[in-house]
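This report describes one protein chain, from a single residue outward to the fold around it. The structure comes first, and the description follows.

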Amino acid sequence: MSGLQCLGEDNIWFEKPRYDEAERRFYEGANGPSTHSHHQSSSASGDQELVSRMKSLELENQGLHKVVEDLRAALFKLENRVRVLERSPAIPCAKAVTVQSVKVEEDDDDEMDLFGSDEEDEEAERLKEERIAAYAAKKSKKPALIAKSSILLDVKPWDDETDMSKLEECVRSVVADGLLWGQSKLVPVGYGIKKLQIGCVVEDDKVGTDLLEEEITKFEDYVQSVDVAAFNKI
């Protein structure tokens, strides 16, 4: 068998390169539409983002326009105020002249009323003296506060045979300016003896405990001793 016959009978694939090329083109064609659609979706999302940014810039631009208009209005008002102030510089001077003229008139009035003010001072001094004198007279008529004291005395007899009624009568017979006797009672001492406990109110400047003891002990037939049981200021 010759070499050509062998090649003819053998199953050799001479078309493989063409098959590979066709297969590559097939897969490229199959992947092409999906890639193209991906690019289209990306392009659409980019367009939306661009539109939103443009709208945001338009809003910011509108806000800036409003700020500029407000600044222009404020500047216009300020310029008008400056013009008004520049046109009226003489007003403070007029006020100063008016105040100065009023002050001069007041000085003239003071000079004219010089003697009149002296008369007014004398009148005020006279009224002051009259008020002081009236206050002193009123104070002198007011009764002065009198210091007083409440005293409780224990008057003891000689024995149980002493007439206590007569003893009390003797004590109350003591009379002095500023002395006022009060209530009394008999208090048992012991062994049937009772003492006379008697109270009185005295004016401190006129009557003292020494005076009371001296006067009461003069009744020596009835009184043995006199003691101060209590002493309180009123």
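Leaving aside neighbours within four places in sequence, which residues is Gln197 in contact with? In this predicted model, they are Leu152, Leu153, Asp154, Gln183, Ser184, Lys185 and Val187. Gln197 lies in strand β3, which covers residues 193–203. Its side chain joins that of Asp154 in a polar contact of 3.0 Å. Gln197 counts as buried because its relative accessibility is 16%, and the cut-off for buried is under 20%.

**Chain overview**

The protein chain has six helices and four strands. Read from the N terminus, the order of elements is α-α-α-α-β-α-β-β-α-β. Of its 234 residues, 12% count as buried. The exposed area of the chain is about 19,500 Å², and 56% of that area is supplied by carbon and sulfur atoms. Taking contacts between residues at least 6 apart in sequence, 68% join residues at least 24 apart.

**The sheet**

The four strands form an open sheet in the order β2-β3-β1-β4, with antiparallel pairing. The edges are held by β2 and β4 (225–233), each with a single partner strand, so one side of each has no neighbour in the sheet. On average, neighbouring strands are turned by 20 degrees against each other, direction ignored. Helix α5 packs on this sheet and touches β1, β2 and β3. The direction of α5 makes about 15 degrees with that of β3.

Strands of a sheet pair through backbone hydrogen bonds, in either a parallel or an antiparallel sense. The pairings in this sheet are listed below.

| Strand pair | Sense | Bridges |
|---|---|---|
| β1 and β4 | antiparallel | eight |
| β1 and β3 | antiparallel | eight |
| β2 and β3 | antiparallel | nine |

Individual residues can be placed within these pairings. Lys156 has Ser225 in β4 as its bridge partner. Lys148 stands opposite Glu203 in β3, and Trp181 has Cys200, also in β3, as its bridge partner.

Strand β3 is largely enclosed by the rest of the structure, because eight of its eleven residues are buried. Gln197 belongs to this strand and is itself buried.

**The nonpolar core**

In soluble globular proteins, nonpolar side chains tend to be buried together. The largest nonpolar core here has 18 residues. Those that touch the most other members are Leu153, Val155, Val171, Leu179, Trp181, Leu212 and Ile216. At least two residues of this core come from each of β1 (148–156), α5 (164–172), β2 (179–190), β3 and α6 (209–216). Strand β3 gives the most, with four residues.

What does Trp181 touch, not counting residues up to four places away in sequence? Its contacts are Leu153, Val171, Arg172, Val174, Ile198, Gly199, Cys200, Leu212 and Ile216. One of these, Cys200, is also the bridge partner of Trp181. Leu153, Val171, Leu212 and Ile216 are among the core residues that touch the most other members. Leu153 is also among the residues in contact with Gln197.

**Two loop residues**

Is Tyr191 buried or exposed? Tyr191 counts as exposed because its relative accessibility is 83%, where the cut-off for exposed is over 50%. Tyr191 lies in the loop between β2 and β3. These two strands make a hairpin with two residues between them. Within that hairpin, Tyr191 takes a positive phi near 60 degrees, and Tyr191 is a residue other than glycine.

Thr162 lies in the loop between β1 and α5. With a relative accessibility of 13%, Thr162 counts as buried. The side chains of Thr162 and Asp159 make a polar contact (3.2 Å). Setting aside residues up to four places away in sequence, Thr162 touches Pro157, Leu167 and Tyr222.

**Summary**

Gln197 is a buried residue of strand β3, with a side-chain polar contact to Asp154. Strand β3 pairs with β1 and with β2, and gives four residues to the largest nonpolar core. On the sheet, α5 touches β1, β2 and β3. Of the two loop residues described, Tyr191 counts as exposed and Thr162 as buried.

How values were computed. Residues numbered from 1 in each chain as written. Predicted model: local features only at pLDDT ≥ 70, side-chain atom pairs only at ≥ 80, totals over all residues. Heavy atoms only, no water. Buried < 20%, exposed > 50% of the residue type's maximum accessible area, 1.4 Å probe, protein only. Polar contact = N/O pair within 3.5 Å; in protein donor to acceptor, adjacent residues only side chain to side chain. Contact = heavy atoms within 4.5 Å. Areas by Shrake-Rupley, 256 points an atom, 1.4 Å probe, with all protein chains shown as cover. Core = buried A, V, L, I, M, F, W, Y, C linked by side-chain atoms within 4.5 Å. Pairing = 2+ DSSP bridges. Axes fitted to C-alpha atoms, helices over the stretch in contact; angles between N-to-C directions.
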